[in-house]
Amino acid sequence: MATRSELSAFLEQIEKKAFKRALYHVRDEESALDIVQDSMIKLSSHYGDKPVAELPLLFQRILSNTILDWFRRQKTRQALFTSLEELGETSQGESFDWLEIDSRASDLSSVQSAEIQVQQWQTLEQIEEAIQSLPPRQREAFLLRYWEELDVAETAAVMGCTEGSVKTHCSRAVQALGKRLSAQGIKS
């Protein structure tokens with residue numbers, strides 16, 4: 001059983017790496033901090049009595065599940081609360097009023113760049129939706145291997161499965177993503 005000081009030392013040791021992992025997934029510092037904090041609380045409250053040797057794997061699984069929960073919540077929020085304000089930010093982070101856009105503008109370069117920006121935004125949204133549509137184990141393996149750039153052995157340790165399973169999950173994820181995205185007109 002882990003003592004209170006051993007648990008504290010373990011959490012202190014992994015906090016920076018866990019934060020980076022969460023940040024790579026969610027791309028938002030505040031959300032990443034919340035995810036890591038929630039994961040640490042879950043580990044402490046539910047598994048604090050486990051041996052110290054079991055804590056790393058338990059924490060990685062908790063962190064993975066907490067990240068997936070965050071993505072589910074974000075997907076729901078985006079479906080329900082998409083606002084024009086989010087779409088109306090310039091590349092400098094400034095907001096503009098959608099009602100002030102002159103539809104008779106003769107500057108084709110700004111129209112083309114706006115068109116390109118919208119197309120890029122839509123493409124990224126389609127990619128994110130495709131990743132979200134993957135089965136949980138495939139999505140986890142895909143993100144760990146290609147987003148966080150873990151090797152097969154590290155991914156297998158985090159997921160608690162064999163290296164062969166990781167390879168299978170990644171292969172199926174890549175095939176499913178390729179099929180879905182090419183059906184939507186996105187080429188790799």
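This passage goes through the helices of a predicted model, then its pocket and cavity, and ends with two individual residues.

Starting with the overall picture, the predicted protein is built from helices: there are eight of them, and zero strands. Read from the N terminus, then, the order of elements is simply α-α-α-α-α-α-α-α. Of the 188 residues, 31% count as buried. The accessible surface adds up to about 12,900 Å², and carbon and sulfur atoms hold 52% of that area. As for how the chain meets itself, take the contacts with a separation of 6 or more: 61% of them link residues 24 or more positions apart.

Helix α1 turns up repeatedly in what follows. This helix spans residues 4-26, and it does not run straight, with a bend of about 45° at Glu 15. Quite a few of its side chains are tucked away. On the stretch before the bend residue, Leu 7, Phe 10, Leu 11 and Ile 14 are among the buried ones; further along, the buried set includes Ala 18, Phe 19, Arg 21, Ala 22 and Leu 23, together with His 25 and Val 26. Right after the helix comes Arg 27, which has a positive phi, near 60°.

Helix α1 also helps to wall the second largest pocket, which holds about 340 Å³ of space. The lining of this pocket consists of 15 residues, and those closest to the centre are Lys 17, Arg 21, Gln 60, Leu 150 and Val 158. Three helices, α1, α3 (55-81) and α7 (152-159), each put at least two residues into the lining. The largest share belongs to α1, with five residues. By residue type, the wall of the second largest pocket is a mix of nine nonpolar, five charged and one polar.

Cavities are a shorter story. Just one cavity of 30 Å³ or more is counted, and the space in the largest cavity is about 40 Å³. Around that cavity sit Arg 21 and His 25, then Ser 64, Ile 67 and Leu 68, and finally Glu 140, Leu 143 and Leu 144. Helices α1, α3 and α6 (136-147) each contribute at least two residues to this lining. Four of the lining residues are nonpolar, two are polar and two are charged. Arg 21 deserves a second mention here: this buried residue of α1 lines the largest cavity and is also listed among the residues closest to the centre of the second largest pocket.

Two single residues round things off. Ile 186 sits in the segment that comes after α8 (163-183). With a relative accessible area of 15%, Ile 186 falls under the 20% cut-off and therefore counts as buried. Beyond its neighbours within four places in sequence, the contacts of Ile 186 are Thr 123, Gln 126 and Leu 181. Ile 127 is 59 residues away along the chain, yet its C-alpha atom and that of Ile 186 are separated by 8.9 Å.

Glu 154, by contrast, belongs to helix α7, one of the helices that line the second largest pocket. The relative accessibility of Glu 154 is 39%, between the 20% and 50% limits, so this residue counts as partly exposed. Its C-alpha atom lies 9.8 Å from that of Val 166, a residue twelve positions away along the chain.

Conventions:
Residues are numbered from 1 along each chain as its sequence is written. This is a predicted model: local features need pLDDT of at least 70, side-chain atom pairs count only at pLDDT 80 or more; totals for chains, interfaces and linings use all residues. Side-chain values use heavy atoms; hydrogens and water are left out. On a 1 Å grid over the protein atoms alone, a cavity is a set of points where a 1.4 Å probe fits but cannot get out, and a pocket is an open set with protein on both sides within 12 Å along at least five of seven lines; lining residues have an atom within 4 Å of a point. Grid points are joined across faces, edges and corners, and a volume is the space filled by probe spheres set on the points. Helices (H or I, at least four residues) and strands (E, at least two) are DSSP runs, numbered from the N terminus. Ala, Val, Leu, Ile, Met, Phe, Trp, Tyr, Cys and Pro count as nonpolar, Asp, Glu, Lys and Arg as charged, and the others, Gly among them, as polar. Buried means under 20% relative accessible area, exposed over 50%, partly exposed in between (1.4 Å probe, protein chains only). Contact means heavy atoms within 4.5 Å. Accessible areas come from the Shrake-Rupley method with a 1.4 Å probe; for residues, only the protein chains shown count as cover. The bend at a residue is the angle between axes fitted to the seven residues ending there and the seven starting there.
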